[in-house]
Each structure stands twice: as structure tokens, then as C-alpha cells.
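Hi everyone, thanks for coming. Please bring up the sequence and the model on your screens, and we'll walk through them together.

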Amino acid sequence: MSFFLQLIFSGIVLGLVYALAALGFVLIYKASRVVNFSQGQFIAVGAFLAYWAMVSLGAPFLLAAALALALTALLGFGVERVFLKRLVGQPIISVIMATIGLASLLNGLIHLTPYGAGNFSYPSFLPAGGVTLLGVQISYAQLLAVAFTLLFLLAFTWFFQRSTLGVAMRSVADDQMAAMSLGVSVERVFALAWAAAGLTAAAAGMVVGTISGLNLDGLVHIGLRVFPVVILGGLDSIPGAVVAGILIGVLENLAAGFLDPFIPGGGTRDVFPFLVLLLVLWFKPHGLFGTEEIERV
């Protein structure tokens with residue numbers, strides 16, 4: 001039983017990381033109907049900025065985290081203003097290809113830094129050990145990751161439900177023309193969506209770095225692995241990203257724990273969630289919480 005509970009808890013932690021990373025996809029898609037293929041690179045940038053601040057500047061973790069969040073959000077804002085603003089009104093495929101090119105550009109720039117190759121880890125700032133709950137050993141790093149992720153998810157939920165700017169972003173997602181007629185700046189909303197996506201990417205990168213260390217390929221891979229999370233939850237649903245993230249994370253761990261011993265070579269954690277995704281989409285093509293749009297004919 002303790003083995004099963006350990007897999008469940010580890011899966012929830014992994015799923016919350018997926019949810020945090022998927023939130024960036026959802027924010028951009030809700031605002032502009034664009035899928036950002038450079039999210040993995042934003043995750044890596046945020047994680048390595050925090051590492052640089054801790055190692056090179058000697059900043060404590062909280063200060064380094066705040067700096068990384070601010071700089072990555074600024075990067076997202078700048079990318080939208082410099083590269084993507086000019087593509088407003090162009091075919092969606094053009095914008096998507098621009099995000100793919102942006103991913104390659106950021107990847108190349110990171111490889112020019114000392115962090116492009118090798119494995120790194122944040123300087124120790126947590127006490128060793130952890131706590132035991134129902135026979136499950138939970139490290140302080142995992143507890144910090146859960147608290148950090150839940151804080152961000154709750155903050156964004158409040159932002160979209162209660163703040164004026166959050167309501168404006170929701171209105172743009174529902175109907176851009178109607179939002180413009182009410183005086184909402186659609187261009188400003190697009191830029192803020194990219195800034196918010198950078199913020200969540202940096203948070204996800206730091207959570208991953210705290211738990212398992214830093215590696216460029218591994219961080220970028222997180223950005224790719226959240227695609228089934230986003231699709232399963234619904235491309236425009238924040239609650240869907242959270243539920244689907246936890247579901248995918250738990251399924252990955254359970255598959256690795258119980259199915260890998262019976263499969264030569266293992267690797268079921270990379271396949272099983274996609275089987276569940278296909279099964280769900282068979283019955284709900286728009287995902288678990290996605291908005292089903294009915295167009296006039």
C-alpha cells in the first residue's frame with residue numbers, strides 16, 4: 001500500500017508541475033488562439049536565471065526566484081511586442097511557425113551560455129530529509145514544489161475571476177471584436193498573456209530544478225510533455241489544465257510502477273497517458289473542460 005501511495009503522491013507532484021507549465025499554453029491560447037511551441041525554452045530560461053542569481057549573485061532562493069520570474073515575464077512581453085505583434089491578423093499557421101522558430105532561437109542562445117550542456121542543481125537551501133505521511137516519505141523539496149505550484153494556481157485563478165485585467169483577458173478570449181468595442185486593448189492583452197506565460201514557465205522550471213536538478217534537454221522536454229495535458233484538459237480551460245496535469249502525472253507514475261516490470265525495456269510511462277488521452281478525446285473531442293464552439297453555417 002505504501003508503494004502505491006508513494007506513486008500517487010509523486011504523480012501528483014509531477015502533475016502539478018505539468019499543470020503549471022500547461023497554464024502558459026492555456027493563457028496564450030485563450031487570448032490569441034495560438035499554440036506556443038517555445039514554452040519549453042521559457043521553462044529552461046526561468047530555471048537557469050534563478051540558478052544564475054543564486055550562484056553568481058549569491059542571492060537567496062526567494063530573491064533569485066523573484067528575479068527569475070520578473071525577467072522571464074519581461075522576456076515573454078518583449079517577444080510578443082518585437083516578433084509577434086507584427087503577425088496580428090495573419091494566418092494562425094504563420095504565428096505558430098514563428099513560435100517554432102523562436103524555440104530554436106532560444107535553444108541556440110542557451111547553448112551559447114555555460115548552461116547549455118551538463119547537469120546543474122540549486123545550492124542547498126532546504127534541510128535534509130522530509131516528513132512521513134501514511135507511510136509515504138515526502139521530501140522538503142516536494143513539499144516546497146507543491147506549495148509553490150498551488151500558490152501560483154490560486155493566484156491566477158483569483159486574477160481571472162476577480163481582477164479587472166483578468167476579466168478583460170477573459171473577454172478578449174471570448175470575443176475579440178466585442179472586447180474592442182468596449183474599449184479593451186486587445187494588443188495589450190496579447191502582450192500580458194505572453195508575460196504571464198513566461199511567469200508560469202519560470203515557476204515550473206524552478207519547481208523542476210528544486211526536485212530533480214537542471215538540464216536543458218530535460219527542461220525543454222517538460223514543455224513538450226504538457227501537450228497531452230493541455231489537449232486533455234481543454235486548450236482554453238485553466239481548471240482543465242490542473243485536473244489533466246494531475247491525471248497525467250499520476251498515470252505516468254502508476255504505469256512506470258506497475259506495468260514496466262512486465263514490459264521488456266519499460267517505457268510505459270511515455271505511452272500510457274497518450275492512450276488515455278485518445279480514449280477521452282474519442283468521447284470528448286474538446287477535452288475534459290474545453291469550450292465546444294458552434295459555428296454558423
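Let's begin with empty space inside the protein. In this predicted model, there are two cavities of 30 Å³ or more. The largest cavity holds about 50 Å³ of space. How do we find such places? Rolling a probe the size of a water molecule over the atoms shows where empty space is left.

Which residues line the largest cavity? They are Phe 61, Ala 141, Leu 144, Ala 145, Phe 148, Met 206, Val 207 and Thr 210. Sorted by class, seven of the lining residues are nonpolar, one is polar and none is charged. If you colour by helix, you'll see that helix H5, residues 140–162, and helix H8 each bring at least two residues to this lining. H5 gives the largest share, with four residues.

Now for an open space, the second largest pocket. Its volume is about 310 Å³. The pocket has 17 lining residues, and those nearest its centre are Leu 14, Val 208, Ile 211, Ser 212 and Ile 222. Which elements give two or more residues to that lining? The answer is helix H1 (2–32), helix H8 (186–212) and helix H9 (216–225). By class, the lining of this pocket has nine nonpolar residues, seven polar ones and one charged one.

Next, please find helix H4, residues 92–111. H4 has 20 residues and runs 29 Å from its first C-alpha to its last, close to the 28 Å expected at 1.5 Å a residue. Its buried residues include Val 95, Ile 96, Thr 99, Leu 102, Ala 103, Leu 106 and Ile 110. Why do these sit on the same side of H4? Because they cover an arc of only 105° around the axis. There is a handy rule to keep in mind here: an α-helix has 3.6 residues a turn, so residues three or four places apart point the same way.

Turn to the other side of H4, and you'll find Ile 93 and Ser 104 exposed. And what covers the buried residues of H4? The cover includes helix H2 (39–56), helix H3 (61–84), H8 and H9.

Let me pick one residue from that helix. Thr 99 is part of H4, and it counts as buried because its relative accessibility is 1%. Apart from neighbours within four places in sequence, Thr 99 is in contact with Val 34, Val 35, Asn 36, Phe 37, Ser 38 and Trp 194.

H2 came up as part of that cover, so let's look at it as well. H2 has 18 residues and reaches 25 Å from first C-alpha to last, close to the 26 Å expected at 1.5 Å a residue. Most of H2 is covered, with 14 of its 18 residues buried. Just after H2, have a look at Gly 58, where phi is positive at about 70°.

H3 gives us another residue to visit, Thr 72. Is Thr 72 buried or exposed? It is buried, with a relative accessible area of 0%. Setting aside residues up to four places away in sequence, Thr 72 touches Phe 42, Val 45, Gly 46, Leu 49, Gly 198 and Ala 202. Take Gly 198 from that list: it is 126 residues from Thr 72 along the chain, and the two C-alpha atoms are separated by 5.1 Å.

Over in H9, we meet Leu 216. With 2% relative accessibility, Leu 216 counts as buried. Not counting residues up to four places away in sequence, Leu 216 touches Ala 44, Phe 48, Asn 107, Ile 110, His 111, Tyr 115 and Gly 116. One of these, Ile 110, is among the buried residues of H4. For another distance, the C-alpha atoms of Leu 216 and Ala 204 are separated by 14 Å, and the two residues are twelve apart along the chain.

My last stop is Leu 251, which is found in helix H11, residues 238–258. Leu 251 has 15% relative accessibility and counts as buried. Leaving aside neighbours within four places in sequence, Leu 251 is in contact with Phe 272 and Val 276. Its C-alpha is separated by 25 Å from that of Asn 36, which is 215 residues apart from it along the chain.

That's the tour. Thanks for listening!

Definitions and conventions
Residues numbered from 1 in each chain as written. Predicted model: local features only at pLDDT ≥ 70, side-chain atom pairs only at ≥ 80, totals over all residues. Heavy atoms only, no water. 1 Å grid on protein atoms, 1.4 Å probe; cavity = no way out; pocket = protein on both sides within 12 Å on 5 of 7 lines; lining within 4 Å. Points joined across faces, edges and corners; volume = space filled by probe spheres on them. Nonpolar A, V, L, I, M, F, W, Y, C, P; charged D, E, K, R; others polar. Expected span 1.5 Å × (residues − 1). Buried < 20%, exposed > 50% of the residue type's maximum accessible area, 1.4 Å probe, protein only. Arc of directions from axis to C-beta. Contact = heavy atoms within 4.5 Å.
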